[in-house]
Amino acid sequence: MNIRTEIFIVPLLGKFLVYAPLRRVAFITDSAGTKFLENLRRSETPRLDRQHEPFMDFLRAIHVLGDEGDLPISTFENRTFKPTEVTLFLTSRCNLRCIYCYALAGDRPASEMSLITAMRGIEYVWRNTIEKGKTEFTVGYHGGGEPTMNWEVLKESFEYAKRLARSTGMQAHGYMATNGVLSYEKRQWIANHFCGVNVSIDGLPDVQNIQRPMRSGRQSSDEVLETVRFFDNVQFRYGIRMTVTALSLERLPQSVAYLLESTRPTHIQVEPMYLLGRGKDIGMAVEPLAFVQAFMEARSIARQRNVDMFYSAARMDVLTDHFCQSCGEGFNLTPQGFVSSCYEVPGPEFEFADEFIFGRYNNDSRRFEFDEEKVIRLRDRSIEPIAWCDKCFCKWHCAGDCFYKKKHRSVEHDFAGDPRCEITRLLTLQQILEKIGQNGGKVWVEGYHTEALRRIEAQYKMRDRRKSNEDQQTRRIIR
Ligand code: SF4
Ligand code: SF4
Ligand code: SF4
C-alpha cells in the first residue's frame, strides 16, 4: 500500500512537519519518519520490517494511506458562466489620495458609470438567478475610486435591484468597499440598505492621516472613525481592511489595539502594501518576516477581543484551485460597461486589461457579449499549471495567490515567486502548527478521522508501556 494523496514535508527546527492538505492531516516526525515516507511515496510495495508496522497502522488510521480519496476542492472548471453576483465599479473619482492607491485615483481622467449601465448589469444577474432557480442575488460596489462619489447611481441602482428582486419574490443583497469618509446621510442610507461593508482604515490616527489623506491634504482619521462608530451604534455589520507599509509596520499591533478600543468590526483583514499604482515607486514595501512578526502580535490582541484577524492568502481551512473570482467567474462592470474579472482592473486603461476584460454590453443587441476563449483562458489559470507553486505546501489554500499581482511578478509569462509567498507560508505553517498544538502536539486530523485516531493513539500508549525497552526506533518514527 502506498501514499495516494499529495504530501508535503516541511523542515521544522530539527523535526519535520508532514502535511496532507487534501486529507486534512498533519503530524510531526523526525528524519527517520520522513525517510520512511519518502520510500513509501516512491514504491508500491516497500520492504516492511516488523518495526515499521505501528507507523503503517498510524498512517492508515489517519488516512494518509488508503483509497478513501481526497476531499473535494473548490473549482470553476466546467461551470457555465452564469453569475448571480455583479460588482459595479461606479467611478474612478475619490475623495482620498492614498499614498499607495493601486488605481491611481485622482491621477487619471474621471469616469463615471451611468445608471443605465448599472441597471443592465443588475438585470443580467437577476435573470441568471431566475434561470438557475435561485432566490437571491448580490450587488457589490467596489473601487477604482470611492463608490459613494457616484452617489445617485449607487442609490438608484440598488433600489432598482431591490424592486426587481421583490417583483419575483427574491432577495437582493448589497455590499460595498468604502474608504469610510461619508456624510451622515450616506452612512444612514448604507446601514439601512446593505448587508455589510468593508471599510479601509490603516490604524492609529497619524498612520491613517499619512497613508490615507483627503484629496485636499486634510486628515481623514476622525471622519472614518465617526463612520464606523455610527455603524456600531446602529449595529450594522462591517469589516476593517488595513494596508501595512514600511512606515506603519512596527506600529501594527498598536494600530489594531487602537481600533479595537473604540470599534467593533466583524473582522480585520491586514495586507502588506502592493507594489502597484502609486505604491509602486514609493519605496515602502514591507519586509516579509517583519510583517509576520507584527501580524502575529497584532492578531493576539484581536483574539483577546474575539475579533477574527486574517491575511488573505493564509487560509488552511479552504481547499481550492483558484485564489479568487478572477479565474473566469467574476462579473465586474467598469464605468464604461466593460466586464472585468478582476477588482484591480477597473478599466481598459489598466495594465493586463486585455487578459482580464472579457466582455461588454452591446447596446445594439442589448445583451452582454463575452469572449468565450478568454473565459476559458481565465479558467485555465487555476493552481495546477503553475510550476512555481507545485511543490508548495500552501498550494491548495493559497492557490497561487492574487492572479493580477502575480502577473506583475512573472518572468516570460511564468510566475517566479513573490515576497508574499514567504508571508503566506509562514502564516499557513503557523495555522497548521496551531491545529496540531490544540490536538495534543503531535498530530492533527479533521472530522471523521478523529475517532480512528483516538483508537490508534490508545493502542500506542498500551503498546508503548508493554514494549518500552524494545521499540525505541518505532517510537522515534511515530513521534
Ligand atoms: S480610497 Fe481607494 S480609490 Fe481612493 S485613493 Fe485610497 S486606495 Fe485609491
Ligand atoms: S486577481 Fe487579485 S486583484 Fe484581482 S480580484 Fe483576484 S485578488 Fe483581487
Ligand atoms: S508558491 Fe507562493 S503563490 Fe504559490 S502557492 Fe505557495 S505561497 Fe502561494
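**Strand β8 and the two ligand shells**

User: In this predicted model, why is strand β8 described as largely enclosed?

Analyst: Strand β8, residues 238-244, is largely enclosed by the rest of the structure because seven of its seven residues are buried, where buried stands for under 20% relative accessible area.

User: And which residues point which way from β8?

Analyst: Tyr 238, Ile 240, Met 242 and Val 244 point one way, while Gly 239, Arg 241 and Thr 243 point the other way, and the residues on both sides are buried.

User: Which strand does β8 join through four bridges?

Analyst: That is strand β7, residues 196-200, which runs parallel to β8, and within this pairing Val 197 stands opposite Tyr 238 of β8.

User: How many bridges pair β8 with β9?

Analyst: Five bridges pair β8 with strand β9, residues 267-272, in the parallel sense, and here Val 244 stands opposite Pro 272 of β9.

User: What unit do β8, helix α8 and β9 make?

Analyst: Together with helix α8, residues 252-262, the strands β8 and β9 make a right-handed β-α-β unit.

User: Switching to the ligands, which residues are around ligand 1?

Analyst: The residues around ligand 1 are Cys 94, Leu 96, Cys 98, Cys 101, Ala 105, Gly 145, Asn 179, Arg 212 and Arg 278, and by class they divide into five nonpolar, two polar and two charged.

User: And what surrounds ligand 2?

Analyst: Ligand 2 is surrounded by Phe 323, Cys 324, Gln 325, Ser 326, Cys 342, Tyr 343, Glu 344, Cys 402, Phe 403, Tyr 404 and Lys 405, a shell with seven nonpolar, two polar and two charged residues.

Notes
Residues numbered from 1 in each chain as written. Chains lettered and ligands numbered in written order. Predicted model: local features only at pLDDT ≥ 70, side-chain atom pairs only at ≥ 80, totals over all residues. Heavy atoms only, no water. Buried < 20%, exposed > 50% of the residue type's maximum accessible area, 1.4 Å probe, protein only. Helix = DSSP H or I, 4+ residues; strand = E, 2+ residues; numbered from the N terminus. Pairing = 2+ DSSP bridges. Right-handed = clockwise from strand over helix to strand, strands pointing away. Near = heavy atom within 4 Å. Nonpolar A, V, L, I, M, F, W, Y, C, P; charged D, E, K, R; others polar.
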